[in-house]
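Reader: Before accepting the labels on a model, I would like to hear the criterion behind each of them. Could we go through them together?

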Amino acid sequence: MSLRLLSVSAFALGLVALAPQASAQDAATVERAVAIRDAALTSNIALDYVTQLTTRFGARPAGSKSEQDAAAWAADYLRAHGFQNVRVEQFPLVGWERGEGSAAIVGKNAQALVAAALGHSPATPRGGIEADVVRFSSFEDLQAAPDAAVRGKIVYVDLGQMHAMQDGSGYGPQTRVRGAGPGVAAAKGAAAFVMRSVGSDEDRMPHTGTTRYVDGKPTIPSFALSAPDADQVSRLIALGEPMRMRLTSTAHTYVTHSQNVIGDLPGATRPDEVIVLGSHMDSWDLGTGAIDDGAGGAITVAAAKAIADSGRRPARTIRVIFYGSEEVAQPTPETGNGGGVYARALGAAAEKHIIAGESDFGADRVYALRLPAGAQGSDFQKAATRVLYPIGVLASDRVETDGGVDIGPLGPLGVPFFGLAQDGTRYFDLHHTANDTLDKIDPAQLTQNVAAWAGLVWLIADSDVDFRAMRPAAATPTH
């Protein structure tokens, strides 16, 4: 950790003294937020949590015994660190196990390929699938292809390599192919589906991820090729070489359950008003789920604990939730998705959920604060800037509207979101691969995340700001 980050306190306190008091964020509140931030920079439990989680349980596929055991351990971890009302809430799930798989070019130019089955795709027949390959360079081209061009063949979609971007915006167009591509290919009579991995790396490690069910049923065996292997296949096709593949998979589904783990730090004067800090417990099976999303749980629990350790409870309740089953699609709305399960069970209590934030983008540094509509240019944003700017977090005029997969279902219930945007430049080098392991976490950047979350959440939890009632303000945008 840099000395510059550890020496921000005096500068920040100076800003507090010079700045005018903001409504519901008086100087004492801001000063305490600065103190909590600085204490978190010095010591916090984030690395302990994610180290124990990934070491004790390894990969935590949704519905697996490792996910279930990790959830029970996490509940005990919350209790041991002073959280109250800790509970593990189960829900039904269709689980998926990868089994064994392989991919190879056969015939002329025969060679092995490095591939991984995509989540919830079915097994191949015994002995595998062998067929000619038809390549598409876009999802739209696949959609437009006549059925006769696809029937009986292995569909290969190669959008080209995903571009690494700080905000991760290159991910969306690629995931559309992964989620919906197998269903489109199946409807046209394809034998199997293959795509370039959704990742920004050039490692020979494929990125897995979920496919979607169609009318409650799985589609066809589906695979992701590592980037070098995707390049190899596309080069051979460009050379005019015949392309035939053999694919095998023993993947299967099974009936199980997942669960949400919930723990509270009750508010001192308005405990019925709840702030949700979300992350997810499950991971893909190839790595150990350190950045996706062990780190998110570590950041949120450590931030809440830093507030609890400050010696004064905030007015509002801080609720930490480790959601289950974030990663996988399900055949029906009645199974899976911890975020949806939590939101559907709230009923009238949703009206007392003040705001929610999610940490699910790795462990690299936070660079921007995003608030709900109407908070841009507000006194709250100005107070938050005084706390966050000294550790490199800038106020953004970008409105936080989506939240994330886990807290997203709270949006239709009227719950607004905040976002602490992380640097995702290298996130998709590791995401959903065997490389998602503890050693990829930078402890200094993880600590900066905890400090940012702790300072901001204190301001929210000890204020009377009604984010639900905010309307867009006629103010000069911040940068």
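**Pairing, packing and pockets**

Author: Val 134 stands opposite Val 155 in E6. The model is a predicted one, in which local features need pLDDT of at least 70 and side-chain atom pairs count only at pLDDT 80 or more, while totals for chains, interfaces and linings use all residues. Residues are numbered from 1 along each chain as its sequence is written, and side-chain values use heavy atoms, with hydrogens and water left out.

Reader: What makes strand E5 and strand E6 a pair, and in which sense do they run?

Author: Two strands pair if DSSP finds at least two bridges between them; strand E5 (residues 129–136) and strand E6 (residues 154–157) have four bridges, in the parallel sense, and therefore count as paired. Strands here are DSSP runs of E with at least two residues, and helices are runs of H or I with at least four, numbered from the N terminus.

Reader: How do you know that H8 packs on the sheet, and which strands does H8 touch?

Author: Contact means heavy atoms within 4.5 Å, and H8 touches E6, strand E7 (192–196) and strand E8 (222–225).

Reader: Why are 12 residues in the lining of the largest pocket called charged?

Author: Asp, Glu, Lys and Arg count as charged, Ala, Val, Leu, Ile, Met, Phe, Trp, Tyr, Cys and Pro as nonpolar, and the others, Gly among them, as polar, so the lining divides into 13 nonpolar, 21 polar and 12 charged residues. Helix H8 (171–187) and strand E14 (366–370) are among the elements that each supply at least two residues of this lining.

Definitions and conventions
Axes fitted to C-alpha atoms, helices over the stretch in contact; angles between N-to-C directions.
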